[in-house]
Amino acid sequence: MGRVRKIVKLDKEINRVNSEAVFLISHSIDLFLHFLAEKSMQVALDKKRNTIKSDHLWIIAKRHPPTADFLLDSLPMPSQPRVHPSSDQTKPSSSHGEKKPLPPGVRRVDHFFHNAASETE
C-alpha cells in the first residue's frame, strides 16, 4: 500500500491521502487485475493456447468499453500472423531492446512508474 500512496502523492494537487482511500484504490487494482487475468485466460483457452499473450489482453480491452477507453492506448496492437522469412532475409539488428518511437504527445505507462521510482530515491 505504500507504493500506491507514493503514486497518488505524485499528483501535486493531492497533499494528504487517507489510509482508507489507499486501501480502496489498492483493492480496486486487485479486482481489476483479477478481471483482466480471468478474461484473458478465457480468450487464450478459446484460441486453444496455454499462454496468455498481449494479444489476448488487447481483445479483452476491446470487448469491454470502460477498459478500452483508457487501456487500448497503452497496449500494443495485436500481432499479425507471422510469415516465415526466406533463408536469404536476415532479421534486423534493431529488434533487440529498442522501442518503437511514439507519436508526439504520447508517453508509455512505464515512463510514469520509472519517474516515480527515481524521484523517491
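The exercises below, each with a worked solution, concern a predicted model of a protein.

**Exercise 1. Overall architecture**

Determine which secondary structure elements the protein contains, and describe its burial and surface.

Solution.
Step 1. The secondary structure comprises five helices and zero strands. Read from the N terminus, the order of the elements is α-α-α-α-α.
Step 2. The protein has 121 residues, of which 17% are buried.
Step 3. The accessible surface amounts to about 10600 Å², and carbon and sulfur atoms contribute 56% of it.
Step 4. Among contacts with a separation of 6 or more, 26% are between residues 24 or more positions apart.

**Exercise 2. The buried side of helix α3**

Identify the buried residues of α3 and state which elements take part in covering them.

Solution.
Step 1. Helix α3 spans residues 54-63.
Step 2. Its buried residues are D55, H56, W58, I59, I60 and A61.
Step 3. The cover over these buried residues includes α2 and α4, the latter formed by residues 65-71.
Step 4. A general point on helix geometry is useful when reading such a list: an α-helix has 3.6 residues a turn, so residues three or four places apart point the same way.

**Exercise 3. A charged residue in a buried position**

Establish whether D55 is buried or exposed, and examine its surroundings for a partner of opposite charge.

Solution.
Step 1. D55 belongs to helix α3 and is buried.
Step 2. A salt bridge requires a side-chain nitrogen of Lys or Arg within 4 Å of a carboxyl oxygen of Asp or Glu. The nearest side chain of opposite charge to D55 is that of K53, at 6.6 Å, so D55 has no salt bridge.
Step 3. When neighbours within four places in sequence are set aside, D55 contacts M77, P78 and S79.
Step 4. S54 also lies in helix α3. With a relative accessible area of 32%, S54 is partly exposed. The C-alpha atoms of S54 and L75 are 7.4 Å apart, while the two residues are separated by 21 residues along the chain.

**Exercise 4. The aromatic pair**

Find how many aromatic pairs the whole structure holds, and classify what is found.

Solution.
Step 1. Searching the whole structure yields one aromatic pair.
Step 2. The pair consists of F32 and F70, whose ring centres are 5.8 Å apart and whose planes meet at 40°. Planes under 30 degrees apart would count as stacked and those over 60 as edge-to-face; the pair is therefore tilted.
Step 3. F32 lies in helix α2 and F70 in helix α4, 38 residues apart, so that the pair links distant parts of the chain.
Step 4. F32 is partly exposed at 26% relative accessibility, and F70 is likewise partly exposed, at 47%.

**Exercise 5. Helix α2 and the N-terminal residues**

Describe the nonpolar surface patch that includes F23, and then characterise S26.

Solution.
Step 1. M1, F23 and L24 form a nonpolar surface patch of about 340 Å².
Step 2. F23 is located in helix α2, which covers residues 19-46. Its relative accessible area is 44%, and F23 is accordingly partly exposed.
Step 3. S26 is also placed in helix α2. The cut-off for burial is under 20% relative accessible area; at 17%, S26 is therefore buried.
Step 4. Not counting residues up to four places away in sequence, S26 touches M1 and V4.
Step 5. S26 and G2 are 24 residues apart in sequence, and their C-alpha atoms are 9.9 Å apart in space.

**Exercise 6. A backbone angle in a loop**

State what is notable about the phi angle of K48, and locate this residue.

Solution.
Step 1. K48 is not a glycine, yet its phi is positive, at about 60°.
Step 2. K48 sits in the loop between α2 and α3.
Step 3. Exposure requires over 50% relative accessible area; K48, at 72%, therefore counts as exposed.

Note on methods
Residues are numbered from 1 along each chain as its sequence is written. This is a predicted model: local features need pLDDT of at least 70, side-chain atom pairs count only at pLDDT 80 or more; totals for chains, interfaces and linings use all residues. Side-chain values use heavy atoms; hydrogens and water are left out. Helices (H or I, at least four residues) and strands (E, at least two) are DSSP runs, numbered from the N terminus. Buried means under 20% relative accessible area, exposed over 50%, partly exposed in between (1.4 Å probe, protein chains only). Lys and Arg count as positive and Asp and Glu as negative; His and the chain ends are not counted. Contact means heavy atoms within 4.5 Å. Patches are made of residues with over 30% relative accessible area and no salt bridge: like charges are joined within 9 Å, nonpolar side chains (Val, Leu, Ile, Met, Phe, Trp, Tyr) within 5 Å. Accessible areas come from the Shrake-Rupley method with a 1.4 Å probe; for residues, only the protein chains shown count as cover. Rings of Phe, Tyr and Trp (its six-membered ring) pair if their centres lie within 6.5 Å; planes under 30 degrees apart count as stacked, over 60 as edge-to-face and the rest as tilted.
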